[in-house]
Amino acid sequence: MKQIATLALAGLLAGGAFSAATAQETIKIGVLEPLTGPFAASGTYVMNGAKIAADQINAKGGVLGKKLELIIEDNKSNPTEAASVAEKLMVRDKVPVLMGAWGSSLTLAVMPKLMEYKVPMLVETSSSGKITTSGNPYIFRISPPSAIEAVAFAKIVDKLHIKKADFLVINNDWGLGTAQDFGKMFQEHGIKVGMVERMDQAAQDMSAQLSKFKSSDADTLIITSAVEQLTLVFKQAAALGLKKQFITTGGSQNPDQLIDQAGTAVNGTMHLTTFAPWVPEVTPDPEATKWFIGEWKKRGFHFAGVTESFRGYDGIRTIAAAIEKAGKAEPEAIRAAMWQLDITGLNGKIKFTKQGPAGKESGQSIPTVYLIKIEDGKVVVPKL
Amino acid sequence: MQELLQHLINALILGSTYALLGIGLTLIFGIMRVVNFTHGELYAFGAYAIFFLESSLGVNFFAAIVIAVVAGCALGALIEYVLLRPLQTADIDTTMLVMIGAWIVMQNTELLYWGGVSKAVPTPFPEEPLQLGPVFVSWLRIFVLIVGTALIIGTYLLIDHTKLGKAMRATFQDPATAALMGVNIKGIYTATFALGSGLAAAAGALLGPVFLVTPTMGDLASLKAFAIVILGGLGNITGATLGGFILAFVEELGAGYISSGYRDAMGFLIIIVVMLFRPTGLFRQAERIG
Amino acid sequence: MTTRIAPLAWLVLLFTVPLWLRDPYYLHVAITTAIFIIAAMSLNLLLGYTGQLSLGHVAFFGIGAYASALTTLGFEITLPGGWQLTHEPWPPIVGFPISVIVAGLCGYVIGKLSFKVRGAYFVIVTISFAEVTRLVALNWVELTQGPLALNNIPPYGIWLPGLGVYDFWDKTAYFYLVAVVAAVSYLIIRRLVNSRVGRAMVALKDNESLAVSVGIDVTHYLVLAAVVSAAMAGAAGSLYAHYVKIIDPDIFLFIYTVTMVIMVITGGKGTLAGPIVGGIIFGFLPVILRSFASPAVQWIIYGALMIIIVFVLPQGIVPAVERFFERRRARAAAAAPNPDAVER
């Protein structure tokens, strides 16, 4: 009896030692995304894109001779939960770098923790201006803030003949920031800004707001939210016979999912996206784009997700490049290395420029923004 | 004016499904005195059932609705038989807690199986709405109104004109005497829970295609159902029906003219106000069924 | 004898926790668990001792959290009529008594209003109250920032002689702070329960009409219980706000009330140790389960556990354990010879 126990104990210890040894072979990257809640669709797409990047890098030998290990946590589309899992990743799993947290409110909630534990985070989706202007040197963002989206949109806005625009935005930093930045840009272009209606992120019935828009004299409605809510908005707008020029912003529209779930209700709608997988020739690196799309399809994922998952892909590749440049998987080294990066992602050049108060700048990369249109159930690049 | 009419039409349609939810709960709450927290989950179940049947099994939309409702009844009967029957003699907190436990298990099973991403239910109706004068209604919503109303009438007929209904009314008034009269009380309880759950599942199957199917959709539905029950008076089906419509109107008009953000608060404010001033409900004949 | 030593032993154990729980993550779990235990104890006062099924308890917790956070961060709102009300940030430590007072006041109001109704109706009113509070927190963006959350809440700073102002950033220090509040809360409840007030509460739980006929002012005692209960929950909320340093309207979600209810019921409602036992179990269970079960599976386990405990141990764990020990004592007493028996 005693011998069996000793053997078992030895086995356990050996197993523990072995797993500890193998554990040291990986470089951990913390990934926090909304996998449940109103943003679950988007968060899941980003997570899967990240996995593709990690697998691709590991297949080629990993980083600094070690394999990448993604530690993925669900922030439940909730700011408090986001802060909590970020802390868990940094304290418990001791990740040297993070990627996340998808939504602006979620990222903002995590930011104080980054300052506390001095760990850098790659922001792949959030678009609130506050993120890079709050004086947090641990933030590096590859997605465009709504201000940059507005600037990109300004280049073509005159061709759309908008006289007056109403806004229907999600009731958080992302939506409200968009209304502010786009509103300002519109006024500079002589476009009148009408109503700004909000919808709670978990709201499913927007018919009240949409009924108000019906009696508005604006010709265009700018809508900012994630694909689930956009689906509902378009379906309900169609059900009310609301006919305006619809333009969505934010890059989380997943147009193919919209076509799938909202059907004819989305014909004629236009969308500002940050990726154009339907026309790889237009993207900065058509070969890489085609490979990514191919790999995505091979894994059986819905094509609609490509417009968001590429961010997870680009994000992990950016982090890997920074780790490589830093020479070691340590937070401070990785942070310093981020500033030296100059690579090409699926969306455009990734090179961080300084934003925010001096001495505490955050990194912001300037990505490309595309305008696409849905016609007869297909995505096209509109001729303006 | 046109906007007002549009709000009224929206409210009318929503009200019919709310009424189903409310009737189902008032029966359970009234006859069995159980704080049924699984009611919202049966609502969600109805929606997931129709999604599953259509998307994974390729069942026709209309058939799927029927199956979803029947499955809801069966699930309700199962819950009653396994969880509530053994607790017949226990006090109200115990049954309430068991219902909370069941609610947690059901919701997370749905989450586990279908994931956190919301699902859209395909419908055979055209997307283009029907225009009735100044207002627009989608075909799907008209269908919801028709089926909802049919189920409400069907429930009335069941309660007022069948032996089962009579037995239920008797049990509601006085279980002891009803038992002496030969009514199978245990069977009635099971039937009541099944019926109530089936109605909740019907509401879910009808509203699921209108909105989206998410794992937490039942939570708000549960609470609104309680609001309707309070409004209409415990066990009062007419009250629940009217309560459902009233809630829908208050929500729709409140959201349209006051504030869309507080839309879902309307139900709860109603509860609080009614409880303060008329705890037995708005309608005089509170403590009777039918 | 054992009843005297046991709490003291537990207290000593409580205060030595940071010495053997070194991992900062586990310490973090211990802190949040302790905070929820305080809230659970306050719920137990209402649920266990007065028998009132308050399912909106998280409202007091959240109100306390928001009150403390807003006191500390300051706010600026426009009142109807166009007046601006500006509140300058105050030292965080002031947030604690403010949250206790504000939550207690809410408890008073709710107590006075809700005790007109009983039983299932009371349950629903309390749930509605919590939901309305959540929706207000969500929509009154000017005050609460709505879904954007109140972020960057600073921790308490206490003036210690010789050290100046000590800010509670450190986890170990915070644990001790929470432990002290928890111990004090426990003592308050114990005092209350063992006093005349407590006996009146139990009387009205067991048989309200009888209690009334004996002349016990039912509403008065219920309201008292509600105030103490709410104030304590508010205190827990303040502790929570200054620990996690971010508060959003989701704190009012029904699921948190459910968590507290699970802790109280499984531990043993109406017992002093019940919420503590329940709190420890359900505070640490997620951590243990986390490594091999997804959150959905975890919740399924809690739900199933809840159902099982209600069926098997309807009074909760603590009373079952007490009964077990009592039976052993009874058996031992029966086995021992009776010295007074006359030898034949």
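Guide: Let's settle one term first: two residues are in contact when they have heavy atoms within 4.5 Å. And bear in mind that this is a predicted model.

Visitor: Fine. How many residues of chain C are in contact with chain B, then?

Guide: Chain C brings 37 residues and chain B brings 40. Put into area, chains C and B bury about 3300 Å² between them, with 85% of that on carbon and sulfur atoms.

Visitor: Which residues in chain C lose the most area to chain B?

Guide: Tyr121(C), Ile124(C) and Phe311(C), which together account for 18% of what the chain C side buries. As for elements, α5 (119–139), α11 (254–267) and α13 (295–312) of chain C each supply at least two residues to that side. The most comes from α5(C), with 13 residues.

Visitor: What does the side of chain C that touches chain B have by class?

Guide: It has 30 nonpolar, four polar and three charged residues. The rule for salt bridges finds zero across the interface of chains C and B. For residue pairs in polar contact, with both at pLDDT 80 or more, the number is also zero.

Visitor: Now the other interface. How many residues does the contact take from chain A and from chain B?

Guide: 30 from chain A and 28 from chain B. The area buried between these two chains is about 2200 Å², and carbon and sulfur atoms give 52% of it. The salt-bridge count between chains A and B is zero, while one residue pair is found in polar contact, both residues being at pLDDT 80 or more.

Visitor: Which elements of chain A supply at least two residues each of the side that touches chain B?

Guide: α2 (40–59), β7, α8 (207–214), α9 and α10 (255–262) of chain A. By class, this side has 10 nonpolar, 12 polar and eight charged residues.

Visitor: How many salt bridges does a search of the whole structure find?

Guide: 18, over all chains. One pair to look up is Glu87(A) with Lys171(C), where the closest N and O atoms are 2.8 Å apart; the cut-off for a salt bridge is 4 Å. This pair crosses between chains, from helix α3 (residues 79–91) of chain A to helix α7 (residues 171–194) of chain C.

Visitor: On to sheets. What's the general idea?

Guide: Strands of a sheet pair through backbone hydrogen bonds, either parallel or antiparallel. Here, one open sheet of chain A has seven strands in the order β7-β6-β8-β9-β10-β15-β16, with mixed pairing. Its edge strands are β7 (192–199) and β16 (378–380) of chain A, each pairing on one side only. From one strand to the next, the twist averages 25°.

Visitor: In which sense do β6 and β7 of chain A pair?

Guide: Parallel: β6 (residues 164–170) and β7(A) pair over six bridges. Within that pairing, Ile170(A) has Met199(A) as its bridge partner in β7(A). Helix α7 (residues 173–188) of chain A packs on the sheet, touching β6, β7, β8 (220–224), β9 (245–249) and β10 (270–273) of chain A, and its direction makes about 165° with that of β6(A). Helix α9 (residues 227–239) of chain A also packs on the sheet, with its direction at about 175° to that of β9(A).

Visitor: In which sense do β10(A) and β15 of chain A pair?

Guide: Antiparallel, over four bridges, with β15 covering residues 370–375. His271(A) stands opposite Ile372(A) in β15(A). β15(A) and β16(A) pair in the antiparallel sense too, over three bridges, and Ile374(A) has Val379(A) as its bridge partner there. The hairpin of these two strands has two residues between them, and Asp376(A) takes a positive phi near 50° in it.

Visitor: What is the order of the seven strands in the open sheet that has β13 in it?

Guide: That sheet of chain A runs β2-β1-β3-β4-β5-β14-β13, again with mixed pairing.

Visitor: Why is one side of β2 and of β13 left without a neighbour in the sheet?

Guide: Because β2 (67–74) and β13 (353–355) of chain A stand at the edges, each with a single partner strand. Neighbouring strands of this sheet are turned by 25° against each other on average, direction ignored. Further in, β4 (residues 121–123) and β5 (residues 139–141) of chain A pair in the parallel sense over three bridges, with Val123(A) opposite Arg141(A) in β5(A).

How values were computed:
Residues are numbered from 1 along each chain as its sequence is written. Chains are lettered from A and ligands numbered from 1 in the order in which they are written. This is a predicted model: local features need pLDDT of at least 70, side-chain atom pairs count only at pLDDT 80 or more; totals for chains, interfaces and linings use all residues. Side-chain values use heavy atoms; hydrogens and water are left out. Two strands pair if DSSP finds at least two bridges between them. Axes are lines fitted to C-alpha atoms, for helices over the stretch in contact, and angles run from 0 to 180 degrees between N-to-C directions. Buried area is the accessible area (1.4 Å probe) that two parts lose on being put together, summed over both. A salt bridge is a side-chain nitrogen of Lys or Arg within 4 Å of a carboxyl oxygen of Asp or Glu. A polar contact is a pair of N or O atoms within 3.5 Å; within protein, one must be able to donate a hydrogen and the other to accept it, and residues adjacent in sequence count only if both atoms are side-chain atoms. Ala, Val, Leu, Ile, Met, Phe, Trp, Tyr, Cys and Pro count as nonpolar, Asp, Glu, Lys and Arg as charged, and the others, Gly among them, as polar.
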